[in-house]
Amino acid sequence: MQVLTRGVTDLGVSQAVSEGGAPVGSTLTTNLTTNLATGLATGLTTDLETDCVADGIGVAVPQPVCRTGGSASLGEPQQRLLGQGAAVVSLDLPQAPVTCLDFWCRAGSAAETLAESGLAHFLEHMVFKGSERLGAGQFDLRVEALGGSSNAATGFDDVHYHVLVPPSAAAEAIDLLLDLVLAPRLDPEDFDLERQVVLEELAQSEDQPEEVAFQQLLSRACPGHAYGQPILGRRQALEGHRSEAMAAFHQRLYRADNCCLAVAGPLGDGALLEHLERSALAGLARSDQPKPTDRANSSPGALSDPARLHLQPGSDTVALPRLEAARLLMAWQVPPAGDQEAVIGCDLLTTLLAEGRRSRLVARLREQLRLVESIDLDLNGLEAGSLVLLEAVCETEHLPAVEAEIRRVLLELIETPPPLAELERAQRLVGNGYRFGLEAAGSVAGLLGNNHLWGRHQPIQAPLDALTRWDPQRLWRELTPLLDPERAFCLRALPA
Amino acid sequence: MSPVTTNPSATPVAHPAASDGSLDRSLSGSTEPAASQGSLSGQRSRSVVPGGCPLWVVHRPGPEIVSAKLWIRGGSSSDPIGQRGSHQLLAGLLSRGCGDHSGEALADQVEGLGAGLRCEASEDGLLISLKCAAADADQLLPLLLTLVQKPWLLDDQIDLERQLNLQALQRHREDPFQLAHDRLRQQLYGAGPYGHDPLGVEADLAAIRRDSLSEQAAQLGRQGAVLVLAGQPPANLEALLTRESGPGGWATQAPLANPAWASSSQPGDGSNRLACTEEDTEQLVLMLGAATVPLGHRHGLALRLLHCHLGVGMSSRLFVTMREEHGLAYDVGVHHPARLGAAPFVFHLSSSAERAFEATTELLNEWQRLLQQPLSSDDLALARAKFRGQEAMGRQTGSQVADRLALVLGHGLPADFTDRCLGELDGLEPADLLAAARELLASPNLSLCGPAQALGEAESAWRKHSLSS
């Protein structure tokens with residue numbers, strides 16, 4: 001559920017996240033934005049990190065599952081608070097060939113007012129246009145001349161900016177990154193030019209009927225909530241934005257108590273962390289007003305009521321131009337990301353249902369009945385209430401049968417607890433998915449940064465422990481009722 | 001740049017159980033002295049599986065994972081006439097039953113261990129990827145050779161896989177990038193080996209019969225294959241790999257370099273170097289490209305440096321000019337995959353329909369610039385840094401390491417090919433890049449996809465431009 005915004009160097013617009021996906025509990029895969037890939041890659045990479053995909057057997061996000069505890073070789077994340085409260089979380093990866101710096105801020109599209117539609121993402125673009133000290137393009141040039149790379153992504157809840165550099169360049173990269181992110185120049189002329197780029201991004205997404213369909217699903221399922229609004233923003237609002245409003249947005253949200261910097265890589269003697277004590281992040285002020293969600297009481301569901309998601313069940317049918325195959329899309333609300341235990345349980349549930357050939361939905365609808373080309377069920381961990389999104393791709397004439405069969409599979413599960421073997425299969429897949437994701441510095445930093453940003457300070461091992469606390473009875477009792485078809489919004493998208 | 005290429009994982013690994021000694025002893029066919037140090041990939045060793053398949057092992061400390069890549073020469077470019085899509089179809093069928101395992105049993109085993117298995121065809125080869133916990137490798141590695149030696153190819157599963165591929169082809173038509181790319185492929189390669197998507201062509205795919213798939217399956221490995229394992233594989237690899245397939249092993253050999261490759265691109269005249277696909281979209285998609293040379297060709301490295309200069313990173317030439325300076329696009333880049341034959345070198349861009357003329361002209365100007373001006377020394381230095389950086393960044397995980405090594409070896413190139421390239425970087429001058437561009441990129445083809453009016457304006461920009469003549 002993120003809009004990845006910067007470099008898209010692969011043909012086919014592939015916005016697939018480069019570090020091998022997000023592990024459990026973090027922002028998961030996005031049907032909204034990652035389905036554009038045509039499967040083409042550049043240069044020497046035929047397969048960057050896509051060992052296992054929906055069409056193959058097994059896990060979507062490849063990772064190692066050692067029953068003895070795959071994270072045993074990793075240390076524990078260290079947290080420190082700088083100056084006025086900005087958090088730094090770090091994990092020493094002595095063997096990593098690169099260091100990842102990942103700056104997170106609670107400034108996703110959900111932080112926008114209605115009039116600010118699209119500003120969170122637009123700002124993320126503008127940040128790279130430079131600061132008072134760095135000219136446009138200087139940041140990219142310096143990072144890339146070091147052999148590094150950078151990118152950024154805006155989600156509903158948060159935005160993050162990440163840089164991969166050789167470890168010896170990490171201190172320099174921290175200064176550059178913080179300068180950009182905390183003191184963007186927001187020059188009006190740059191602003192007008194970058195608006196064009198954002199509008200091109202919007203047009204590009206509107207040319208992908210699948211993305212249009214997902215946007216329509218969310219707008220119907222989450223009326224009146226930020227999750228129903230496009231992260232890219234409404235065209236009309238984008239055309240009217242001015243740089244002053246963006247500066248105000250930045251000023252309001254990019255504050256110490258809203259930010260977190262994650263560092264994953266070889267940390268050596270700790271000089272890098274010492275360096276941070278003297279960085280711009282240490283001087284960052286706190287918010288003017290206390291937030292409704294304070295970390296002190298960020299127990300599950302602590303988000304204030306106005307922000308809470310209340311998904312609206314229902315169903316609708318739309319006809320979309322340029323759609324070649326029909327889609328059945330469904331959305332369910334499940335517990336928020338803050339309720340880690342439940343989110344992990346939901347991960348087990350969606351895995352049991354739709355991950356791999358032997359999962360229930362894939363086995364029934366694709367392998368046996370052969371009604372669909374593909375069927376996916378993605379868990380998107382979100383702070384105001386997570387979303388489970390289903391997509392089935394099929395011929396138009398099969399759509400009613402597909403809908404009926406999905407319903408049947410879900411009701412069977414609601415009726416009867418799953419056998420232990422099925423749960424164990426899901427535990428293996430989810431556990432491995434998590435462990436495999438700890439192999440690269442980039443995904444480690446993303447995981448740590450997101451968790452700490454939202455007050456989830458936990459050992460690396462925590463999600464793996466949580467996995468084992470779910471048994472068939474508990475899963476069935478607590479979570480399967482959440483996927484009742486009656487609780488879903490269901491959108492049928494037909495070729496116009 | 002030394003920090004980028006220094007890989008701490010190149011230090012010797014303390015895993016006595018998986019030492020090279022026990023590996024060599026256990027692999028009867030291994031006559032080669034093992035162990036060459038890879039500066040970028042960790043410690044690697046080579047042996048041969050009975051039957052002839054080279055086995056490379058890259059030991060990596062850290063996570064207890066095994067990533068395996070089996071690269072088999074012969075992909076969609078070897079699809080028989082009238083059977084375009086057959087290699088991808090075959091690849092999909094390999095995991096749908098083999099040896100003593102039904103497709104369901106296979107999936108149960110792999111998924112039950114939380115592992116991942118994927119079989120796919122590219123233009124030049126089939127790639128089987130397996131990733132699992134190190135502790136599970138002894139249960140899963142024996143499947144690898146069984147998949148290719150004893151596939152069931154049941155009619156029922158053929159029908160299913162065929163249907164899935166046909167539907168995927170249909171769905172791909174929703175993507176204007178795919179449409180533009182398909183046309184460009186035809187322009188560059190016509191009815192040649194690279195002229196179709198590995199997924200195939202609908203009419204051909206519908207007609208493929210089981211006996212011809214069986215024939216192709218029997219040929220697997222005849223053109224060579226290589227198996228790469230990265231991470232922490234178990235010690236008794238020969239026994240594991242041949243446990244199901246029998247001691248005779250799988251008859252194959254290391255892939256040869258550049259099998260009888262010769263340049264086959266035949267640039268047409270200006271009129272058939274333009275292809276238009278009309279779609280009612282907001283944007284116009286532009287793809288401008290040429291068929292070039294294989295990985296390992298004398299101009300190969302120069303092209304890859306041009307790729308870095310033009311399309312890698314946010315400081316790349318196309319990104320800066322088309323996006324940062326003109327605001328013409330969100331997505332702009334270069335596509336230049338490694339191939340055994342004439343690899344495509346493609347600029348791609350999508351821009352609002354109303355800016356079609358400007359976008360087309362600017363993109364053509366960028367291509368023209370390649371043919372007219374040598375890179376500045378600063379630009380070349382930056383391109384080299386990116387090349388080195390990409391090599392380092394692309395080795396963060398075991399599967400990336402295995403993937404890159406399998407690709408190089410699958411092309412019949414030496415295992416230290418990448419290191420050699422890195423060593424040659426500094427010797428390449430702006431004049432070398434210019435010479436490569438002039439030799440290989442002189443007559444690009446343009447493929448457009450978008451609404452009628454934008455197509456018209458783009459076409460007029462093309463006709464006015466010197467590149468079209």
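How many Å apart do the C-alpha centres of domain 1 of chain A and domain 2 of chain A lie? The first point below takes this up, after a word on conventions.

This is a predicted model, in which local features need pLDDT of at least 70 and side-chain atom pairs count only at pLDDT 80 or more, while totals for chains, interfaces and linings use all residues. Residues are numbered from 1 along each chain as its sequence is written, and chains are lettered from A and ligands numbered from 1 in the order in which they are written.

1. **The two domains of chain A.** The domain assignment splits chain A into domain 1 (75-299) and domain 2 (306-495); such bounds come from an automatic or database domain assignment. The C-alpha centres of these two domains of chain A lie 27 Å apart. Their contact takes 42 residues from domain 1 of chain A and 36 residues from domain 2 of chain A, where two residues are in contact if their C-beta atoms, placed from the backbone, lie within 7 Å.

2. **What domain 1 of chain A brings to that contact.** On the side of domain 1 of chain A that touches domain 2 of chain A, at least two residues each come from strand 4 (86-92), strand 5 (99-105), strand 7 (159-165), helix 5 (209-221) and strand 8 (259-265) of chain A. Helix 5 of chain A gives the most to this side, with ten residues. By type, the residues of this side of domain 1 of chain A are 26 nonpolar, eight polar and eight charged. For this count, Ala, Val, Leu, Ile, Met, Phe, Trp, Tyr, Cys and Pro are nonpolar, Asp, Glu, Lys and Arg are charged, and the others, Gly among them, are polar. Helices (H or I, at least four residues) and strands (E, at least two) are DSSP runs, numbered from the N terminus.

3. **A residue to look at in helix 5.** Glu210(A) is found in helix 5 of chain A. Glu210(A) counts as buried because it has 25 C-beta neighbours inside 10 Å. The cut-offs are these: a residue is buried if 20 or more other C-beta atoms lie within 10 Å of its own, exposed if 12 or fewer, and partly exposed in between, with C-beta atoms placed from the backbone. Leu193(A) is 17 residues from Glu210(A) along the chain, and their C-alpha atoms are separated by 28 Å.

4. **An open sheet in chain A.** Five strands of chain A form an open sheet in the order 9-13-10-12-11, with mixed pairing. Strand 9 (314-320) and strand 11 (372-380) of chain A stand at the edges with a single partner strand each, so one side of each has no neighbour in the sheet. Neighbouring strands of this sheet are turned by 15 degrees against each other on average, direction ignored. Two strands pair if DSSP finds at least two bridges between them.

5. **The two edges of the sheet.** Strand 9 of chain A pairs with strand 13 (residues 489-495) of chain A in the parallel sense, over seven bridges; here Val318(A) stands opposite Ala493(A). Strand 11 and strand 12 of chain A run antiparallel and are joined by eight bridges, with Leu377(A) opposite Leu390(A) in strand 12 of chain A. Strand 11 and strand 12 of chain A form a hairpin with five residues between them, and Gly385(A) in the turn has a positive phi of about 140 degrees.

6. **Cover on strand 11.** Strand 11 of chain A is mostly covered, with seven of its nine residues buried. Helix 9 (residues 340-354) of chain A lies across strand 10 (326-334), strand 11 and strand 12 (386-394) of chain A, and runs at about 175 degrees to strand 11 of chain A. Axes are lines fitted to C-alpha atoms, for helices over the stretch in contact, and angles run from 0 to 180 degrees between N-to-C directions.

7. **Chain B.** Chain B is divided into domain 1 (9-241) and domain 2 (274-468), whose C-alpha centres lie 28 Å apart. In chain B, 38 residues of domain 1 are in contact with 34 residues of domain 2. Helix 8 of chain B supplies the largest share of the side of domain 1 of chain B that touches domain 2 of chain B, ten residues.

8. **Confidence in chain A.** The mean pLDDT of chain A is 85, and 82% of its residues reach 70 or more; pLDDT is the predictor's confidence in each residue, from 0 to 100. Please read two stretches with care: pLDDT stays under 50 over residues 7-56 of chain A and over residues 294-305 of chain A.
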